[in-house]
Amino acid sequence: SPIHFDLIEPAVRSCGYNLEVLQNSDRTAIDTGLKYVNNDACYPSLIVIGQIMDALLSGKYDLNRTAVFMSQTGGGCRASNYIGFIRRALERAGMPQIPVISLNANGMETNPGFKITLPLLTKAMQAVVYGDLFMRVLYATRPYEAKAGSANALHEKWKAICIKSLQKHSLSMAEFNRNIRGIIHDFDELPRRDVQKPRVGIVGEILVKFAPAANNHLVELLESEGAEAVVPDLLDFMLYCFYNQIYKAEHLGTKKSTAKIAKMGIWAVEKIRGAATDALKKSKNFTPPSSIYDLVSYAEPIVSIGNQTGEGWFLTGEMVELIHEGVNNIVCTQPFGCLPNHVVGKGVIKHLREAYPDANIVAVDYDPGASEVNQINRIKLMLAAANKKLK
């Protein structure tokens, strides 16, 4: 997710880790991934392993002084299998000495030499909040800008300010909150054209939803077709992971203490993005994020909160959240091989249409062999219905 990781990289570097976020905007990662991962594995895993192997085989790095680093939530699919996929690929390529570091909160993997400190965690959270905010205000402004390129220019200006702030060794919540309010104020005041465009939500499997290379630059496609893209926050996925621990303690017999820690985690995350939520509520052109507890209440009538594999109940909750915000047009992006997301994504569309007759939802599969023309045609059909409704 370029908007987010352009900020996360300097935040982590400021805490002493020489982090480099891998870039890939074409099919190179997919083609490389197919060499090292069985093609029955899901599309996101092909891309992730492909990105890593493409970088390590490039000759750019000293392989005896390099580690691979990725987040791991501990869920039933992506979050558990990727570390194994990466290690297998490294062995096949003759690089078994490269450590694979798992960033996780549940002790799945221990990593000697890597410590998650409070300053590191706080700065990473600040970077994600900045990224979510940029995504929210940029996508809601760019289709309406009076001067072409002005929204992107304002984003670049504020991104440089935020990176400078994140690079400091000191940690200042006051400066962070000031920047948040400044971003919202400046985007609110940017000259806009008085036009109406269909608003289209993007939900789905987390990598396909956020990575332009995985969803064939879906946001750009929607904007080029005269729509406004609406993408819920990345931070909400973390809150979803926290809430799952509360559900497990209440219904599946896990430790009550874990649920207490999860509730504290939700409180802390909401505290960090509190300034953004408050300022968005007062803004003229933007909407604030919903509480994770609201998302639970949206999903519960449709799917069990016990659906926690893949994006689980969270995917359904996000679609209902968008509809509640007046975003009735939705693209549900899912890897062709991801059974859990077919159940809680494509599988609930009929019910959502019955509950919300104005809902205009299209499920689009992404895979190495998927036809991009077919994907575009499905999205254009959805947009045709959206424009007809708008008129």
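Me: Before we get going, what does buried mean here?
Reply: A residue is buried if its relative accessible area is under 20%. Keep in mind that this is a predicted model.

Me: Ok. How many residues of strand β6 are buried?
Reply: Of the 7 residues in β6, which covers residues 360-366, 6 are buried. The strand is therefore largely enclosed by the rest of the structure.

Me: Which sense does β6 pair in with β5?
Reply: The pairing of β5 and β6 is parallel, with 7 bridges. As an example, Val331 is opposite Val362 in β6.

Me: What about β5 on β3, how many bridges there?
Reply: There are 5 bridges between β3 and β5 (residues 329-335), and these two strands also run parallel.

Me: And β3 with β4?
Reply: Those two are joined in the parallel sense by 3 bridges, with β4 at residues 228-230. Gly201 has partners in both directions: Val230 stands opposite it in β4, and Ile330 is its bridge partner in β5.

Me: Is β3 enclosed or open, then?
Reply: Largely enclosed by the rest of the structure, because 5 of the 6 residues in β3 (residues 199-204) are buried.

Me: Switching to the core. Which residues touch the most other members of the largest one?
Reply: Tyr130, Ile180, Ile183, Leu222, Tyr243, Trp313 and Ile379 do, in a nonpolar core of 123 residues.

Me: Which helix puts the largest share into that core?
Reply: Helix α5, residues 118-141, with 13 residues.

Me: Why would nonpolar side chains end up together at all?
Reply: In soluble globular proteins, they tend to be buried together.

Me: Back to Trp313. What does it touch?
Reply: Leaving out residues up to four places away in sequence, its contacts include Tyr240, Tyr243, Ile292, Leu295, Val296 and Ala299.

Me: Which residues of α13 are buried?
Reply: Ile292, Leu295, Val296, Tyr298 and Ala299 are buried in α13, which covers residues 292-299. Viewed down the helix axis, they fall within an arc of 160°, so they line one face of α13.

Me: What do they pack against?
Reply: The buried residues of α13 pack against α10 (235-251), α11 (256-272) and α14 (312-324).

Me: What's at the start of α13?
Reply: A side-chain oxygen of Ser291 comes to within 3.0 Å of the backbone nitrogen of Tyr293.

Me: You mentioned α14. Where is Glu318, and is it buried or exposed?
Reply: Glu318 is in helix α14. With a relative accessible area of 1%, Glu318 is buried.

Me: What does its side chain make a polar contact with?
Reply: With the side chain of Lys209, at 2.9 Å. Apart from neighbours within four places in sequence, Glu318 is in contact with Val203, Lys209, Pro232, Asp233 and Leu295.

Me: New topic, α6. What span should it have?
Reply: At 1.5 Å a residue, the 18 residues of α6 (residues 150-167) should span 26 Å, and the end C-alpha atoms are 26 Å apart, which agrees.

Me: What do the buried residues of α6 pack against?
Reply: They pack against α1 (2-13), α5 and α7 (173-189). Among the buried residues of α6 are Leu154, His155, Trp158 and Lys159.

Me: Last one: where does Leu57 lie?
Reply: Leu57 is in the loop between α3 (43-56) and β1 (68-71). Its relative accessibility is 46%, so Leu57 counts as partly exposed. Outside its neighbours within four places in sequence, Leu57 is in contact with Tyr36 and Met95.

Technical notes. Residues are numbered from 1 along each chain as its sequence is written. This is a predicted model: local features need pLDDT of at least 70, side-chain atom pairs count only at pLDDT 80 or more; totals for chains, interfaces and linings use all residues. Side-chain values use heavy atoms; hydrogens and water are left out. Buried means under 20% relative accessible area, exposed over 50%, partly exposed in between (1.4 Å probe, protein chains only). Helices (H or I, at least four residues) and strands (E, at least two) are DSSP runs, numbered from the N terminus. Two strands pair if DSSP finds at least two bridges between them. A nonpolar core is a set of buried Ala, Val, Leu, Ile, Met, Phe, Trp, Tyr and Cys residues joined through side-chain atoms within 4.5 Å. Contact means heavy atoms within 4.5 Å. The arc is that of the directions from the helix axis to the C-beta atoms. A polar contact is a pair of N or O atoms within 3.5 Å; within protein, one must be able to donate a hydrogen and the other to accept it, and residues adjacent in sequence count only if both atoms are side-chain atoms. The expected span of a helix is 1.5 Å times one less than its number of residues.
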